[in-house]
Amino acid sequence: MLVDVTTWYLEMLDPRQLRPAFSENSKLLITRAEVPSPEFSRFLYSSVGGDWYWIDRLDWTYSRWLKYLENPELQTWVAYVSGTPAGYIELEAQSDNNVKIAYFGILRQFWGQRIGGHLLSFGVKQAWAMAAQRVWVHTCSLDGPYALANYQARGFQIYNKETQTKELPDEPIGPWVGAYRTQLP
């Protein structure tokens, strides 16, 4: 199906712009995935993004994933609740001291628990610790309904907006084929 997709580009130019939000869940732990693992990263990507048409990386080969993950400028931080992966944030240092939030999201069973604000706050702090002069991200109308609001609530400002028509599957595929239909309320 053809869909008009709006993309918002947001940035933070000073660490003092960050308005953090933290969860009080004592079982929440955020740790860096330091060993490049295509299997794990693909699991995070498809589990978080399956509900939101994240399809760009689904055809990546193992070697392409590994090459991407071996980039020394890339950091993947994973939120766990009671030992279970709950979400992740990928940070990519770029030229001119920019740090891009390449991917960010929460697995469905952890929605509504304030983990998204917590993980994003943690990730932005980490981005500034990577000697960033600017932290930026883009989100689109295909992402979760609270994505743009969460970025803005944390202090990101929109600096660009564009709309393009894209060809998409009739519905998101979910974390695996057929999961979307069976899991939505």
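Colleague: Which strands does helix 1 (residues 38–49) lie across, and at what angle to strand 4 does it run?

Modeller: Helix 1 lies across strand 3, strand 4 and strand 5 (98–106), at about 105 degrees to strand 4. Angles run from 0 to 180 degrees between N-to-C directions of axes fitted to C-alpha atoms. Helices (H or I, at least four residues) and strands (E, at least two) are DSSP runs. This is a predicted model, where local features need pLDDT of at least 70, side-chain atom pairs count only at pLDDT 80 or more, and totals for chains, interfaces and linings use all residues. Residues are numbered from 1 along each chain, and side-chain values use heavy atoms, leaving out hydrogens and water.

Colleague: Which strands does helix 3 (residues 115–129) touch?

Modeller: Helix 3 packs on the sheet and touches strand 1 (2–12), strand 2, strand 3, strand 4, strand 5 and strand 6 (134–140), with contact meaning heavy atoms within 4.5 Å.

Colleague: What makes strand 3 (residues 74–81) and strand 4 (residues 84–93) a pair?

Modeller: Pairing takes at least two DSSP bridges, and these antiparallel strands have eight. One residue to look at is glutamine 75, whose bridge partner in strand 4 is leucine 91.

Colleague: What is the strand order of the sheet, and why do strand 2 (28–32) and strand 7 (157–167) count as edges?

Modeller: The order in this open, mixed sheet of seven strands is 2-3-4-5-6-1-7. Strand 2 and strand 7 each have a single partner strand, so one side of each lacks a neighbour in the sheet. Neighbouring strands are turned by 20 degrees against each other on average, direction ignored.

Colleague: Why is helix 1 called roughly perpendicular to helix 2 (residues 62–69)?

Modeller: Their axes come within 9 Å and cross at roughly 90 degrees. The label covers 65 to 115 degrees, so helix 1 is roughly perpendicular to helix 2. Among the residues that meet there are Arg42 and Tyr45 in helix 1, and Trp65 and Leu69 in helix 2.

Colleague: Which element gives the most to the lining of the largest pocket?

Modeller: Strand 5 does, with seven residues. A pocket is an open set of points on a 1 Å grid with protein on both sides within 12 Å along at least five of seven lines, and lining residues have an atom within 4 Å of a point. Of the 46 lining residues, the closest to the centre are Trp54, Phe104, Asp143, Gly144 and Ala147.

Note on methods: On a 1 Å grid over the protein atoms alone, a cavity is a set of points where a 1.4 Å probe fits but cannot get out, and a pocket is an open set with protein on both sides within 12 Å along at least five of seven lines; lining residues have an atom within 4 Å of a point. Angles under 35 degrees count as roughly parallel, over 145 as roughly antiparallel, 65 to 115 as roughly perpendicular and the rest as oblique.
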